[in-house]
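This briefing presents the nonpolar cores of a structure and then the interface between its chains. Please keep the sequence and the structure in view while reading.

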Amino acid sequence: MEVAGVLFLSSGLYMGWSLGANDAANIFGTAVGTRMIPFRTAAVICAVFITVGAVISGAGAAKGLGALGAVNALAGSFVVSASAATTVLWMTRAGLPVSTTQAVVGAIIGWNLFTGNPTDRTALTRIVGTWIYGPILGAGIAFILFFVVKFILERMNIHLIRLDKYTRVALILAGVFGAYSLGANNMANVVGVFVPASPFVDLNVFGVIITGTQQLFLIGGLATAVGVATYSKKVMMTIGSNLYKLSPVTAIVVTVSTATVLFLFASEGLKLWMESMGLPSFPLVPVSQSQAAVGSIIGISLAKGGRNLNLKLLRNIVLGWAATPTSAALLSYVALFFMQNVFMQTVYQ
Amino acid sequence: MKQRSEGSGGLFTSRTKQLQLEMDRYFSLIDQGALLLEEAIKRYLEDRMEDFEKKSAEIDTVEHEADTLRRQIKHRLYAEMLIPDSRGDVLGLLETLDNVLDVSKHVTTHFSIEKPEILPFLRDDFRELTESVVKAVLELTLAVRAFFREVYRVTEHLDKVHFWEHEADEIEERLKRKAFATEEITLFSKRVHMRYFAERISLIADEAEEVAERLAVYAIKRNL
């Protein structure tokens, strides 16, 4: 691969880093913040299982994203990804809730508008739809799960000390599931826009074919691991001690329900199975992890009688729906113009 | 290598199990302290001084063992990073529980040193006061045990702690009124002496109630 290829991939690597730094922290925030799980354990689990999820099951959601607009030139992919990344960075700096998914979707639409490529309405509706029912689904799952956990704990009469031990094990298992689902669903945001213009060729390693797409996902996974190692501790400490104030047991509920939402929108196996049973299946598209988590937290507040329901969280979700994709689309459009007319690069074919 | 503190369990006892056993042992020492106090005062009121001293010495031993155990549990909770979320609450609980035992010990020690002369017409009141106080403590340890296993049952025990503390207060007042109204006690200092001991015994129930107040908050925090 040429040097330009590596350079163009850099924006994707940044997105991967950001996924590791921010979204991985959502999985282990409470566990590490409350010192139930050492950061090192959490970091290793995140790095490994995000990559595993991405390589095994990442392609499904990437296809869903690709349906929106197949960015077919590497320079174009770079601009789309960099615009999304910049939007994420800006909004995070401004303290606004941001979804990587929405930034990427906005940036792709920006590319569509610039190139005159028609935006697939069905794909767009499918993706935007998940922004609404992702959090709702998260709330529903967390609501039910909360009562299941409560029921079990009230009947088992587990000693506080023993419960502590079980909680740690459960936090780790939930974290494994969370990391896997995050990799499977959200890695599409990191490398999805590079798939049609992937500079990688299939490799044959000891008889096992590793496709170019899988190599892309592996690199995304590694970038995520770097994000986890370098920056996520800070974010975890913030989430654990300031933002949501979850107890370790409720943190398990939030992690599992968030991971379930991401998993439902990422698993090809599940989709095929549901279709074979004649059931309506979930579209394979990237969904916002942080919004699924916020939905889950709202679900728990409702299960507790709605006393602590934080309506600001709801407002922030709705705000994110509008602000993030719009700014990313705008930025992407302008940046593509510069890339094509100032730097003389092919941004579409 | 991790250091194992003295008295830790055998090869096949897990650290969790060991800590659970230590905590249970600690709570039964609090129970024992209360029961010994009842026995000691009963003997004092029956003028069986030798038996009283024996029971009083037993309370000292129990108090000492409880102190050691409490330090051991505290060390274990911190050294092994257990229950980081509610560690502070649990330690606060153990320490205030210790006050209950401390006051019981002081009561018997002061009986032993000052040897207050309790006239027959006040003996039943002292006996009744001690019984109420002991009931408050026993109910408290039930609440504490429930906190660790069945948190939803804490409140019903705490209600009883408050009930017995209130009873103790009433008996204390009645006893003091009797002591100051009677013609049988001639010296003012002796009346004050009766008041002092009634208040001291009743203080045990007050300490129990203080633990109960804390426990009520901790129990809310422990709900999911």
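In this predicted model, the largest nonpolar core has 86 residues. Within this core, A:Phe28 and A:Met187 are the residues with the most contacts. The points below take up the cores and then the interface of chain B and chain A.

**Nonpolar cores**

- Leaving aside neighbours within four places in sequence, A:Phe28 is in contact with A:Gly33, A:Ala42, A:Ile45 and A:Cys46.
- Under the same condition, A:Phe28 also contacts A:Leu171, A:Ile172, A:Gly175 and A:Met236.
- Another core, of 71 residues, lies apart from the largest one. Among its residues are B:Leu29, B:Leu93, B:Val161 and B:Ala179.

**Extent of the interface**

- In the interface, 21 residues of chain B are in contact with 23 residues of chain A.
- About 1900 Å² of area is buried between chain B and chain A. Carbon and sulfur atoms give 64% of this buried area.

**Polar and charged pairs across the interface**

- The rule finds 0 salt bridges across the interface of chain B and chain A.
- Between chain B and chain A, 3 residue pairs are in polar contact, with both residues at pLDDT 80 or more.

**The side of chain B that touches chain A**

- The elements of chain B that give two or more residues to this side are α1 (15-45) and α4 (120-149).
- The most is given by α1(B), with 5 residues.
- By class, this side of chain B has 12 nonpolar, 4 polar and 5 charged residues.

Note on methods. Residues numbered from 1 in each chain as written. Chains lettered and ligands numbered in written order. Predicted model: local features only at pLDDT ≥ 70, side-chain atom pairs only at ≥ 80, totals over all residues. Heavy atoms only, no water. Core = buried A, V, L, I, M, F, W, Y, C linked by side-chain atoms within 4.5 Å. Buried < 20%, exposed > 50% of the residue type's maximum accessible area, 1.4 Å probe, protein only. Contact = heavy atoms within 4.5 Å. Buried area = accessible area lost by both parts, 1.4 Å probe. Salt bridge = Lys/Arg side-chain N within 4 Å of Asp/Glu carboxyl O. Polar contact = N/O pair within 3.5 Å; in protein donor to acceptor, adjacent residues only side chain to side chain. Helix = DSSP H or I, 4+ residues; strand = E, 2+ residues; numbered from the N terminus. Nonpolar A, V, L, I, M, F, W, Y, C, P; charged D, E, K, R; others polar.
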